[in-house]
Each structure stands twice: as structure tokens, then as C-alpha cells.
Amino acid sequence: MAIAVIGGTGPQGRGLAQRCALAGIDVVVGSRDATRAAEIAADLRAGVPDAPGAIEGAANADAVARAEHMVVLAVPWSAHQATLAGLTEALQGKILVDMAVPLADGNPRRFAMPPEGSATEAAQAMLGEGVAVVGALHNVSAHVLAALDQPINCDILVCGDDLEAKRAVMDLIETIGARAYNCGPAESARCIEALTPLLIRLNMSKATGFKHAGVKIWPEAG
């Protein structure tokens, strides 16, 4: 299986690409600049020389075309709509895994809800019914994804309106070593995405004494 990671040259995309390669998944790192994508992909591959999965780089549209059926969007909210606008046609018939969180300009501790309610819903509205948008990986930090010698320290909350697409995304997440939970339709992203600025606030606070914390689901004891 080959997936594309659009924004794979950024902090979250890099760690995700390497974890996928270590799990035997081929990755095409996408960027607006094909040369930069190729250079970053080579660096990422060099960082996991024994990984069974390949890491290659390409311009965004080419990366989407090379993905078998799944594309991960790992760009910041500021680039979310513009990136999708340029890939709408290429994404038709595929699953889009949207990691974006609408954070307020200049203040990552605040959630800036878009008119659609969430980044996941905004993506679905823009791309139409031909693309199954699944919101996931919102609450895991770039630092955690990049710490390849450590397991992912949180559970992954997944939402979207297409059940089979969610199941495919949950399989991917579990393949890279994290636990995933189906949290319902795309509108659930309003709650899931809004957790991220709360986590950022806690992780930035001197009172907590920790950084890079995530969300963990604990079942009832016994």
C-alpha cells in the first residue's frame, strides 16, 4: 500500500511518514515544491535506513496521484483551504485523512471554529461526496510522532461520515502502533479538534510540569 502525505515536509508529516515506512507502508511526501519534497524524502529515508517501506517525494498533485487510495493532509490550518482547492480533482475517489486544527492566528491556545464547524467538515464541504474525508491525528504532537524510539503516547480519535473509510484509517493508525477509536460522524470533529488548543495550553503551562501530552481513553476497571 502506498499513501501520500501532503505537507509531509512539515513537522507532523515528517514523523508520520517515517512511522508509516517503519510499518512497511510506502509513502510519497507531497509539497508545493517537488525538489524540496525529494530532498526531504531522502533525509527522512536516511533516518530510517532499515524501514521496509519506501519514502519518496513529489509535487502535491503527483503525490496524490501515486497514492493507492489514501491521502493524509498534514498542513497547518492557514494553508488548509488553499491546498485542498488545488487538489480537489486529484482527490476524487480517495480517502482524505485531515489532521488540520483551526487554531487562532497568533494564539495556538484558542480554537478558531470555521463556518462549517471544523476543518474536517470544511474539507468535506469543499471536496464533495466524491472524497471520503476522515478527521484523525489531531491531538498527537509533532514531537511525539518524530520520537521514533517511543510509542505514540495517546489514543487517536477518528471521525467521518463514511464508515468504511474510517475503518481503513483506523487500520492505518493501528498499523503504526496507536489505538484508534471511531468517534462518530464528521461533526464530532468540532469536539475532537477543539481538544488540541486545550492540550497546547496544558503543555505550555509551567504548572503542569509536562509537555507533548495527548488524549488517552481509559476503560472502566474490572
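Colleague: How many salt bridges does the structure hold?

Modeller: The structure, which is a predicted model, holds four salt bridges. One of them joins the side chains of R66 and E56, with N and O 2.2 Å apart.

Colleague: Which parts of the chain does the pair of R66 and E56 tie together?

Modeller: R66 belongs to helix α3 (residues 60–66) and E56 to strand β3 (residues 55–59), so the salt bridge ties together parts that are 10 residues apart in sequence. R66 is partly exposed, at a relative accessible area of 39%. E56 is partly exposed too, with a relative accessible area of 39%.

Colleague: Which residue meets R190 in a salt bridge?

Modeller: The side chain of E121 meets that of R190, at 2.8 Å from N to O. This pair links distant parts of the chain, since E121 is in helix α6 (residues 119–127) and R190 in helix α9 (residues 189–204), 69 residues apart. E121 counts as buried, at 13% relative accessibility, whereas R190 is partly exposed, with a relative accessible area of 36%.

Colleague: How should I read the salt bridge of E164 with R167?

Modeller: Its closest N and O atoms are 2.9 Å apart. E164 and R167 are three residues apart in helix α8, so about one helical turn separates them. E164 counts as exposed at 53% relative accessibility, and R167 as partly exposed at 45%.

Colleague: Now the cysteines. How many disulfides does the count come to?

Modeller: A disulfide is a covalent bond between the sulfur atoms of two cysteines. In this structure the count comes to zero.

Colleague: Why is C159 not bonded to C183?

Modeller: The sulfur of C183 is the closest cysteine sulfur to that of C159, but at 7.2 Å it is too far for a bond. The cut-off for a disulfide is 2.5 Å between the sulfur atoms. C159 counts as buried, with 0% relative accessibility.

Colleague: Which cysteine sulfur is nearest to that of C191?

Modeller: The sulfur of C159 is the nearest, 9.3 Å away, and C191 is in no disulfide. Is C191 buried or exposed? C191 is exposed, having a relative accessible area of 57%.

Colleague: Let us turn to a strand. Which way do the residues of β1 point?

Modeller: In a regular strand the side chains alternate between the two faces of the sheet. In β1, A2, A4 and I6 point one way, while I3 and V5 point the other way. Strand β1 covers residues 2–6, and five of its five residues are buried.

Colleague: Which strands pair with β1?

Modeller: Strand β2 (residues 26–31) pairs with β1 in the parallel sense, over five bridges. Within β2, D26 is the bridge partner of A2. The chain passes from β1 to β2 through helix α1 (residues 11–22), and this β-α-β crossover is right-handed. Strand β4 (residues 70–73) also runs parallel to β1, and four bridges join the two. Here A4 has V71 in β4 as its bridge partner.

Colleague: Which residues touch the most other members of the largest nonpolar core?

Modeller: In soluble globular proteins, nonpolar side chains tend to be buried together. The largest nonpolar core in this structure has 40 residues, and I3 and I156 touch the most other members. Helix α8 (residues 163–175) gives this core its largest share, five residues. Another core, of 18 residues, lies apart from it and includes V28, L87, A123 and V131.

Colleague: What is I3 in contact with, beyond its neighbours within four places in sequence?

Modeller: The contacts of I3 include C20, I25, V27 and L172. Among them are also D26 and V28, and both A67 and M70.

Colleague: Where does I156 lie, and what is it in contact with beyond its neighbours within four places in sequence?

Modeller: I156 lies in strand β9 (residues 156–160). It is buried, with a relative accessible area of 2%. Beyond those neighbours, I156 is in contact with A136, L137, V140, I173, A178, R179, A180 and Y181. Take V140 as one of these: I156 and V140 are 16 residues apart in sequence, and their C-alpha atoms are 7.7 Å apart in space.

Technical notes: Residues numbered from 1 in each chain as written. Predicted model: local features only at pLDDT ≥ 70, side-chain atom pairs only at ≥ 80, totals over all residues. Heavy atoms only, no water. Core = buried A, V, L, I, M, F, W, Y, C linked by side-chain atoms within 4.5 Å. Buried < 20%, exposed > 50% of the residue type's maximum accessible area, 1.4 Å probe, protein only. Contact = heavy atoms within 4.5 Å. Pairing = 2+ DSSP bridges. Right-handed = clockwise from strand over helix to strand, strands pointing away.
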